[in-house]
Structures are given as structure tokens and as C-alpha cells.
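Subject: Structure for your reading

Dear colleague,

Please find below the structure that I am handing over to you. An account of what was found in it follows, and I would ask you to read the two side by side.

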Amino acid sequence: SIQTTIPACTRLPIDITSFDTTTNSTKGTPPYYMIALAIDGTPSTTLIGTSDTGVDYTVTYPVGTRLLLSVADSKGSPGGTYAPVTVTAGTSSSCIITPSTSPTFTVTSNVTSDLSTCEPVRLSISGGVSPYHLTLAADNAPSVTNDTLPEGNNIYTYISRASPGGQLVAAISDSTGRWASGTPIFNTKGSADTACPGLVSSSTKGTVQPPSSGSNSSVSTPPGSSSSTSDTPLPSSSSSSSTNSAPSDTPNNNTGGNDTSGEVLNSKARNIGIILGVSMSVALLVAI
């Protein structure tokens with residue numbers, strides 16, 4: 001069965017394999033990073049390995065946090081996503097990073113739960129440094145969709161082309177690589193016909209009121225933590241830190257604020273293995 005929980009402060013070994021196990025032609029290029037999309041919180045990017053072996057990840061989020069996890073290699077090639085998992089108590093709590101109650105960079109949505117096929121959802125961004133980058137990640141999908149808003153635009157209207165019967169997470173990062181707090185998740189429903197003719201996702205510039213204090217969370221580093229969190233760009237391959245930073249190079253990236261293809265959001269096939277116990281099997285999908 002698919003695991004729905006993941007322990008905090010526990011070293012989780014990860015197997016990196018080629019999606020094409022016959023020819024091994026889709027093997028990733030290290031180093032590898034874990035992108036943890038914290039629902040209603042702040043995502044993080046963590047260096048998890050500098051080679052195909054000895055790869056592991058430690059969850060530093062508080063107990064009760066829901067995470068959508070995705071692995072990417074040094075070129076941004078994806079290893080797919082898992083179903084959201086809930087953080088549970090591990091053998092220790094010393095690594096846990098305490099959320100801030102006053103985030104300065106946030107994303108909010110006008111839709112709070114169900115999202116129907118072809119329905120528009122408005123994502124409003126406050127703080128951070130433009131241009132902003134959007135990451136759309138469906139659960140159990142082989143990849144993610146990325147888009148970049150034009151300089152100065154801070155409101156994105158996405159026409160949902162996600163397959164019904166799943167979940168979709170929308171995360172925002174800025175030009176410095178910093179992740180926004182308040183990452184929303186939607187339960188997708190409606191028609192399986194996701195063509196949505198005549199409907200185009202778009203972005204614009206507007207005035208956004210930041211959420212009230214305490215309504216969203218970001219991540220700060222507690223004293224003595226073994227994992228450092230910062231708003232700096234993606235760590236180099238020699239680093240072992242966890243950051244509030246988005247990958248500097250991601251696949252399927254579109255610019256100009258126009259509609260993303262949505263194709264990767266329409267696949268429900270599990271192509272990357274599942275979390276088994278405290279182990280993860282990740283298969284890179286793109287030949288690089």
C-alpha cells in the first residue's frame with residue numbers, strides 16, 4: 001500500500017534508479033534534491049545526495065505537516081511526485097524547524113478546497129522579488145509543471161487541467177529562489193476532458209493584501225539545528241543544507257505567463273515507485 005505518513009528527524013534512504021530500467025537511458029545527473037512542498041506552509045529544497053548511491057532525506061518539518069515530495073536532479077529533471085504524506089513523530093525532535101508566524105512572502109488562493117476541471121483559480125502573491133515562478137504538482141504524477149510570470153505580475157489565474165479525483169499543489173518561488181509561504185492544495189474533480197477550449201491561464205499585476213499574522217507559516221532555523229534554512233539560492237553540490245529555495249533549473253518551464261500545457265497534470269500513472277517503510281524509490285523520467 002502507499003504510505004501516508006513519514007517520520008520526522010529520521011534518516012530516510014532513497015534509491016535512485018533509471019525510469020527505463022532496460023537501457024538505463026534516463027538516469028539522472030547528480031547532485032539530487034528533495035523538493036518538499038509543505039501544504040499551507042513553506043516549501044523547502046534539500047540536497048540529498050551527490051551520487052547515485054548513499055542518497056537520503058531527513059524531514060525537518062513539525063509533526064502534523066502535510067508534504068508533497070518530489071526529487072529532482074542537477075538539471076531539474078524530475079523523479080515524479082508522491083501522494084501527500086503527513087509528518088509523524090520520529091526517534092527525535094531535535095531537527096525540527098519551527099514555523100514563523102509572520103511570513104513576509106506569501107501566496108493565497110481564492111479556492112480553498114475543491115477545484116473542478118477548467119475552473120479558474122486565482123493565486124495572489126505578496127512579498128518576494130519578481131519575477132515569480134509557479135510550480136504545479138499533482139499527486140502521483142510523473143513530473144511537475146512550471147511557469148514564470150512576467151516581470152511585475154503578482155496574480156496568476158490558472159485554468160485547471162489537472163485530472164479529476166486527485167490533488168494539486170500550487171507553490172510559488174521568486175527570482176532569488178525563495179519559496180513563498182501558504183502553499184495551497186486542491187481536490188480536483190469534474191470532467192476527464194481537460195482540453196478546456198478557449199480558456200487560457202494568465203497573469204496580471206494587482207494589489208494583494210498579505211494574509212493576517214498566523215494564517216500561513218514559513219520556516220526558520222532553531223538554535224543548534226543540524227540543518228540550516230535560509231533564503232539563499234539552491235545549495236551547491238558540496239552543501240548539505242535545507243533551504244527555503246526553489247530549484248534554479250526546472251523542467252517544462254514556460255515564460256510569459258501564458259497557459260501551461262497541463263499534460264503532465266493529466267497523467268495518473270505511478271511511474272516512480274512508492275515510499276516503502278522509511279525507504280523511497282525514485283526513477284528519473286527524462287533522458288539527460
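Two strands pair if DSSP finds at least two bridges between them. Please keep in mind throughout that this is a predicted model.

With that term in hand, I begin with the hairpin of S3 and S4, which has five residues between its strands; there, Asp40 takes a positive phi near 65°. Strands S3 and S4 run antiparallel and are joined by five bridges. One position to look at is Ala36, whose bridge partner in S4 is Ser44. Strand S4 covers residues 44-49, and six of its six residues are buried.

On to strand S6. S3 also pairs with S6, in the antiparallel sense and over six bridges. Here Ala38 stands opposite Leu67 of S6. S6 is mostly covered, with six of its seven residues buried. Two bridges join S6 to S8, and these strands run antiparallel; Leu67 has Val85 as its bridge partner in S8. S6 is joined by two bridges to strand S7 (residues 78-81) as well, again in an antiparallel arrangement. In that case Ser70 has Thr81 as its bridge partner in S7. The hairpin of S6 and S7 has five residues between the strands, and within this hairpin Gly76 takes a positive phi near 85°.

Which residues touch the most other members of the largest nonpolar core? In this core of 23 residues, they are Ile48, Tyr57, Val59, Tyr61, Leu67 and Leu69. At least two residues of the core come from each of S2, S3 (32-38), S5, S6 and S8. S3 gives the largest share, with four residues. Another core, of 21 residues, lies apart from this one; Ala138, Ala141, Ile172 and Ala180 are among its members.

Leu67 deserves a separate look. When residues up to four places away in sequence are not counted, Leu67 touches Ala36, Leu37, Ala38, Val59, Tyr61, Ala83, Pro84, Val85 and Val87. Its bridge partner Val85 is therefore one of the residues in this list of contacts.

Thr65 lies in the loop between strand S5 (55-58) and strand S6 (66-72). Is Thr65 buried or exposed? Its relative accessibility is 17%, so Thr65 counts as buried, because the limit for that class is under 20%. The side chain of Thr65 reaches the backbone oxygen of Pro62 at 2.8 Å. Leaving aside neighbours within four places in sequence, Thr65 is in contact with Ala38, Val85, Thr86 and Val87.I turn next to an open sheet of four strands, which has the order S10-S12-S15-S18 and antiparallel pairing. Strand S10 (106-109) and S18 are at the edges with a single partner strand each, so one side of each is left without a neighbour in the sheet. On average, neighbouring strands of this sheet are turned by 20° against each other, direction ignored. S10 and S12 run antiparallel and are joined by four bridges. Ser109 has Leu123 as its bridge partner in S12.

How many disulfides does the structure hold? It holds two. With the bonded cysteines of the protein numbered in sequence order, the pairing is given as 1-2, 3-4.

One disulfide is formed by Cys9 and Cys95, with their sulfur atoms 2.1 Å apart. The torsion about its S-S bond is about -100°, so this disulfide is left-handed. Cys9 lies in the loop between strand S1 (5-7) and strand S2 (11-18), and Cys95 in the loop between strand S8 (85-88) and strand S9 (99-100), so the pair ties together parts that are 86 residues apart in sequence. Cys9 is buried, with a relative accessible area of 12%, and Cys95 counts as buried at 6% relative accessibility.

The other disulfide joins Cys118 to Cys196, with an S to S distance of 2.0 Å. Here the torsion about the S-S bond is about -95°, so the disulfide is left-handed. This pair links distant parts of the chain, 78 residues apart: Cys118 is in the loop between strand S11 (114-116) and strand S12 (120-126), and Cys196 is in the loop between strand S17 (185-189) and strand S18 (202-204). Cys118 is partly exposed, with a relative accessible area of 21%, whereas Cys196 counts as buried at 3% relative accessibility.

Yours sincerely,

A colleague

Definitions and conventions:
Residues are numbered from 1 along each chain as its sequence is written. This is a predicted model: local features need pLDDT of at least 70, side-chain atom pairs count only at pLDDT 80 or more; totals for chains, interfaces and linings use all residues. Side-chain values use heavy atoms; hydrogens and water are left out. A disulfide is a pair of cysteine sulfur atoms within 2.5 Å. Buried means under 20% relative accessible area, exposed over 50%, partly exposed in between (1.4 Å probe, protein chains only). A polar contact is a pair of N or O atoms within 3.5 Å; within protein, one must be able to donate a hydrogen and the other to accept it, and residues adjacent in sequence count only if both atoms are side-chain atoms. Contact means heavy atoms within 4.5 Å. A nonpolar core is a set of buried Ala, Val, Leu, Ile, Met, Phe, Trp, Tyr and Cys residues joined through side-chain atoms within 4.5 Å. Axes are lines fitted to C-alpha atoms, for helices over the stretch in contact, and angles run from 0 to 180 degrees between N-to-C directions.
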